[in-house]
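Work through the exercises below with the sequence and the model open. Each task is followed by a solution in steps.

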Amino acid sequence: MRYEIDYLSRSGNTKKLADAVKKLFPIRDTEFIDLIREKPTADADTYIIVFSFNKGTVPLKIMNMLDMLAGKIIMFLVTFGADNPSKYQSIIEQKISPFLPDNCDYRGIYLCKGAFPEDIIAAAEENLKDNPNSEYAHMVCECFRHAKEHPDINDQNNACEFVRSKLQL
């Protein structure tokens, strides 16, 4: 069995999940692809695709690569800035499913909190200064603060358990 872990991580946070699950597989049978610098292959049997769900969209690189994965096992590990990511699982799956090949073996999606880029946090805090009584601005800033350390070791362990269970490792 050949495995490929494809990840898209601009800040390095999402890469933490990819690094964690990489340890589950034999080095000689596993490709580890940074989609910012490299292109995915079509050589593996199983694909673990790791990315951050930002601004309600699946990254174009992820959508484009799915075309070549007909007949492959596919699963996703996704970081997401919401306070309770599991509430959004069906929404994110609806965004991904139109791009899945009809004859792939889709094994599901693991969601966890992800950190926000510093510029987004700064913009939210600036908004809070301008609107100090805004409940929404307070809630958003609090969400940013809680997500700052994610994905943490628990998220990484849970991602590994998700992969183990879906592949029966």
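**Exercise 1.** Which residues are buried in α1? Then find what they pack against and how they are placed around the helix axis.

Solution. The model is a predicted one.
- Step 1. Take the cut-off: a residue is buried if its relative accessible area is under 20%. In α1, this picks out Leu17, Ala18, Ala20 and Val21.
- Step 2. Look down the axis of α1. The buried residues fall within an arc of 160 degrees, so they line one face of the helix.
- Step 3. List the partners. The buried residues of α1 pack against the strands β1, β2, β3, β4 and β5, and also against α6.
- Step 4. Add the direction. Helix α1, residues 15–22, lies across β1, β2, β3, β4 and β5 and runs at about 165 degrees to β1.
- Step 5. Turn to another helix on the sheet. Helix α3 (residues 89–96) touches β3, β4 and β5, and its direction makes about 130 degrees with that of β5.

**Exercise 2.** Work out the strand order of the sheet and the surroundings of β1.

Solution.
- Step 1. Write down the elements from the N terminus on: β-α-β-β-α-β-α-β-α-α-α. The chain has six helices and five strands.
- Step 2. Order the strands. They form an open sheet, β2-β1-β3-β4-β5, with parallel pairing. The edge strands, which pair on one side only, are β2 (30–34) and β5 (105–113). On average, neighbouring strands are turned by 15 degrees against each other, direction ignored.
- Step 3. Check both sides of β1. Five bridges join β1 to β2, and five bridges join β1 (residues 3–7) to β3 (residues 46–53). Tyr7 has Asp34 of β2 as its bridge partner, while Asp6 has Ile49 of β3.
- Step 4. Check the cover. Five of the five residues of β1 are buried. Tyr3, Ile5 and Tyr7 point one way from the strand, and Glu4 and Asp6 point the other way.

**Exercise 3.** Compare the span of α6 with its expected value, and locate its buried residues.

Solution.
- Step 1. Helix α6 covers residues 153–167, which is 15 residues. The expected span is 1.5 Å times one less than the number of residues.
- Step 2. This gives 21 Å, and the end C-alpha atoms are 21 Å apart, so the two values agree.
- Step 3. Buried in α6 are Asp155, Gln156, Ala159, Cys160, Phe162, Val163 and Leu167. Seen down the axis, these residues fall within an arc of 155 degrees, so they line one face of the helix.
- Step 4. What covers these buried residues includes α1 and the strands β1, β3, β4 and β5.

**Exercise 4.** Is Pro151 buried or exposed, and which residues does Pro151 touch?

Solution.
- Step 1. Pro151 is in the loop between α5 (135–147) and α6.
- Step 2. Its relative accessibility is 1%, and therefore Pro151 counts as buried.
- Step 3. Leave out residues up to four places away in sequence. Pro151 then touches Asn13, Lys16, Leu17, Thr79, Cys112, Lys113 and Gln156. Leu17 is among the buried residues of α1, and Gln156 is among those of α6.
- Step 4. Take a distance. Val78 is 73 residues from Pro151 along the chain, and their C-alpha atoms are separated by 10.0 Å.

Technical notes:
Residues are numbered from 1 along each chain as its sequence is written. This is a predicted model: local features need pLDDT of at least 70, side-chain atom pairs count only at pLDDT 80 or more; totals for chains, interfaces and linings use all residues. Side-chain values use heavy atoms; hydrogens and water are left out. Two strands pair if DSSP finds at least two bridges between them. Helices (H or I, at least four residues) and strands (E, at least two) are DSSP runs, numbered from the N terminus. Axes are lines fitted to C-alpha atoms, for helices over the stretch in contact, and angles run from 0 to 180 degrees between N-to-C directions. Contact means heavy atoms within 4.5 Å. Buried means under 20% relative accessible area, exposed over 50%, partly exposed in between (1.4 Å probe, protein chains only). The arc is that of the directions from the helix axis to the C-beta atoms.
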